[in-house]
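Reader: I'd like to learn how to read a structure like this one at my desk. Could you walk me through a few features?

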Amino acid sequence: MSGQDAALARPLPARRATGGRPVANATLVGREGLTDEVARFLVRPDDGPRPFVPGQYFSLGLSIDGALVQRPYSNAAAGGAAELEFLIRRVPGGRFTPALWATPVGTPMSLGRATGVFTLLPDDDRTHLFIATGTGLAPFLAMLGGLRGRRHPPRAVVVHGVAHVAELAYRDRLTVLQADGGVRYIPTISRPAEARNAGWDGTTGHVTRALAGLFEDPHDRRTSRLDPGATVAYLCGNPGMIESASAVLASQGCSPEAIVTERYWAEAPA
């Protein structure tokens with residue numbers, strides 16, 4: 001998590017320098033830039049794969065001016081992976097993310113333990129609807145991995161909203177999963193008229209626009225759309241999206257217990 005996509009609705013560790021002696025227990029082993037401001041980072045724990053529940057986050061730390069500075073980020077990697085994976089937005093003027101962007105691959109880092117309660121409801125065979133904006137998509141990649149590990153995976157739908165096509169992280173992976181029948185993938189672009197989005201012919205508008213057409217008419221069950229009574233929705237992104245998407249889901253007949261949320265916001269410079 002980072003920047004405007006950067007903190008849980010439930011309390012997180014303080015987003016500031018912690019002081020103390022930096023402890024390096026992991027290594028930055030990979031980085032892939034999607035845009036100048038969004039990138040994927042691969043971090044390998046020195047002591048082997050870390051246990052976690054899909055949806056949880058880890059605190060990443062760097063030594064900056066002699067102090068350990070840490071920030072929490074959701075992991076996108078599947079369980080048992082040798083490397084954890086983080087989708088992060090660079091915040092100009094922030095303390096941690098500009099330093100992370102300048103950190104060479106191969107640099108030792110600090111890695112906290114898995115934390116957080118934004119996880120899949122157990123033994124739930126309802127259709128899983130994942131709704132994300134920006135870097136909020138990251139925990140859903142881990143959750144999809146968890147679902148696919150089940151003997152009978154439930155139906156899954158992913159709606160991901162971004163401003164620009166280049167920010168559609170994991171687009172290739174999700175497209176392959178869709179082709180394999182493992183997930184329905186709906187990327188949507190909120191600023192289709194901008195030059196950076198030239199050639200985009202997919203869904204446009206905010207995620208709420210995409211949601212409205214997903215659910216069946218309660219008076220006509222012959223459609224192949226989602227049944228609100230048999231769907232659980234997981235939402236991860238900025239507070240505005242959470243509120244508006246939750247309202248759409250409720251208007252379509254989803255019960256409050258079937259709407260699970262994780263809010264990101266810019267609480268402090270990242």
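**Rings, burial and a pocket**

Author: Happily! Let's begin with Trp 101, which is buried, with a relative accessible area of 18%. Keep in mind that this is a predicted model.

Reader: Why does Trp 101 count as buried?

Author: The general idea is a cut-off: buried means under 20% relative accessible area. Trp 101 comes in at 18%, so it counts as buried. Phe 41 is also buried, because its relative accessibility is 0%.

Reader: How many aromatic pairs does a search of the whole structure find?

Author: There are 8 of them. One involves the two residues we just met: the ring centres of Phe 41 and Trp 101 are 5.1 Å apart, and their planes meet at 65 degrees.

Reader: How do I turn that angle into a description of the pair?

Author: Planes over 60 degrees apart count as edge-to-face. At 65 degrees, the pair of Phe 41 and Trp 101 is therefore edge-to-face.

Reader: Which parts of the chain does this pair link?

Author: Distant ones: Phe 41 sits in strand β2 (residues 38-45) and Trp 101 in helix α1 (residues 96-101), with their positions 60 residues apart in the chain. For another example, look at Phe 52 and Phe 58, an edge-to-face pair with 6.1 Å from centre to centre and 75 degrees between the planes. Both Phe 52 and Phe 58 are buried. Ring pairs can also join up into a cluster, as they do for Phe 118, Phe 130, Phe 140 and Tyr 234.

Reader: Now for pockets. Which residues line the second largest pocket?

Author: The lining is made of Glu 32, Leu 34, Arg 40, Leu 168, Ala 169, Tyr 170, Arg 171, Asp 172 and Arg 173. Helix α3 (residues 171-179) gives the largest share, 3 residues. By type, the lining has 4 nonpolar residues, 5 charged ones and no polar ones. The space in this pocket is about 160 Å³.

Reader: Let me pick one lining residue, Glu 32. Where does Glu 32 lie, and what is it in contact with beyond its neighbours within four places in sequence?

Author: Glu 32 belongs to strand β1 (residues 26-33). Beyond those neighbours, it is in contact with Ala 39 and Arg 40. Arg 40 also appears in the pocket lining. As for Leu 87, which is 55 residues away along the chain, its C-alpha atom is 9.5 Å from that of Glu 32.

Reader: And why is Glu 32 called partly exposed?

Author: Partly exposed covers the range between the 20% and 50% cut-offs. Glu 32 has a relative accessible area of 40%, so it falls in that range.

Notes. Residues numbered from 1 in each chain as written. Predicted model: local features only at pLDDT ≥ 70, side-chain atom pairs only at ≥ 80, totals over all residues. Heavy atoms only, no water. Helix = DSSP H or I, 4+ residues; strand = E, 2+ residues; numbered from the N terminus. Buried < 20%, exposed > 50% of the residue type's maximum accessible area, 1.4 Å probe, protein only. Contact = heavy atoms within 4.5 Å. Phe/Tyr/Trp six-rings, centres within 6.5 Å; stacked < 30°, edge-to-face > 60°. 1 Å grid on protein atoms, 1.4 Å probe; cavity = no way out; pocket = protein on both sides within 12 Å on 5 of 7 lines; lining within 4 Å. Points joined across faces, edges and corners; volume = space filled by probe spheres on them. Nonpolar A, V, L, I, M, F, W, Y, C, P; charged D, E, K, R; others polar.
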